[in-house]
Amino acid sequence: MAEREIDEDAPIFAIAAAAELSNMHPQTLRQYDRLGLVVPARTQGGSRRYSSRHVQQLREVARLSGEGMSLPAIARLLALEERVHELARRVNDLERQLNAERQSRPGARVFAAGATGSVVTLRHGARVRRATDVVLWRPHGLHDD
């Protein structure tokens, strides 16, 4: 049986469970939500649902606050970390798309310039043999008379 990857962004924890996992009081989580520090998802009924990533953020807020960092500074740090997370996810998506594109076209043709300047089709992975001839170039219109 294949193991399923756990989605760290899945909103699965009620506020009581998230508070216990982050070693905080539920009222602190509500305050952080109001301040925009850690904003959980909401059910249709309006109840807060936290993900495992939210719990990690709550722990980080507690650590940073305990070290003396202000809540606005923590909010900025969390916003930047969220942006990095979004960009990393986008890079992964683009890499998957690129790999899928490469695999869907295994016989894609590669082109090179021939010795006379013509376009030459090569097998994928083939290298062009480089000419070692020395050629004297003279611009058109200039003559050595």
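A salt bridge here is a side-chain nitrogen of Lys or Arg within 4 Å of a carboxyl oxygen of Asp or Glu. Keep that cut-off at hand for the charged pairs on this tour of a predicted model.

**Stop 1: a pair in α4.** Select Glu86 and Arg83. They form a salt bridge, and their closest N and O atoms are 3.5 Å apart, which is within the 4 Å limit. Both residues sit in helix α4, and because they are 3 residues apart there, about one helical turn separates them. Colour them by accessibility: Glu86 is partly exposed, with a relative accessible area of 34%, and Arg83 is also partly exposed, at 45%.

**Stop 2: a second pair in α4.** Move to Arg96 and Asp93. Their side chains meet in a salt bridge, at 2.4 Å from N to O. The spacing is again 3 residues in helix α4, so about one helical turn lies between Arg96 and Asp93. Arg96 counts as exposed because its relative accessibility is 52%, while Asp93, at 28%, counts as partly exposed.

**Stop 3: a pair that spans the chain.** Now select Arg53 and Asp9. Their side chains are joined by a salt bridge of 2.6 Å, N to O. This one links distant parts of the chain: Arg53 belongs to helix α3, Asp9 to the segment before α1, and their positions lie 44 residues apart. Is Arg53 buried or exposed? Its relative accessibility is 13%, so Arg53 counts as buried. Asp9, at 27%, is partly exposed.

Add Glu82 and Arg89 to the selection. With Asp9 and Arg53, these residues are linked in a network of salt bridges. The structure holds 8 salt bridges. Side chains of opposite charge can pair when their charged atoms come close.

**Stop 4: Ser51.** Stay with the segment that holds Asp9 and select Ser51, in the loop between β2 (48-49) and α3. Ser51 has a relative accessibility of 2% and therefore counts as buried. Which residues does Ser51 touch, leaving aside its neighbours within four places in sequence? They are Glu8, Asp9, Ala10, Pro11, Ile12 and Phe13. Asp9 is thus a contact of Ser51 as well as the salt-bridge partner of Arg53.

**Stop 5: the nonpolar core.** Next, show the largest nonpolar core, which has 15 residues. Select Leu29, Leu37, Val38, Tyr50, Leu58 and Val61, the residues with the most contacts inside this core. The elements that give two or more residues to it are α1 (15-21), α2 (26-35), α3 (52-66) and α4 (71-104). Which helix gives the largest share? Helix α3 does, with 4 residues. In soluble globular proteins, nonpolar side chains tend to be buried together.

Centre the view on Val38. Not counting residues up to four places away in sequence, Val38 touches Tyr32, Asp33, Tyr50, His54, Gln57, Leu58, Val61 and Leu78. Among these contacts, Tyr50, Leu58 and Val61 are also listed with the most contacts inside the core.

**Stop 6: Asn23.** Finish in the loop between α1 and α2, where Asn23 lies. Check its backbone: Asn23 has a positive phi of about 60°, although it is not a glycine. Is Asn23 buried or exposed? Its relative accessibility is 71%, so Asn23 counts as exposed, the cut-off for that class being over 50%.

Key. Residues numbered from 1 in each chain as written. Predicted model: local features only at pLDDT ≥ 70, side-chain atom pairs only at ≥ 80, totals over all residues. Heavy atoms only, no water. Core = buried A, V, L, I, M, F, W, Y, C linked by side-chain atoms within 4.5 Å. Buried < 20%, exposed > 50% of the residue type's maximum accessible area, 1.4 Å probe, protein only. Contact = heavy atoms within 4.5 Å.
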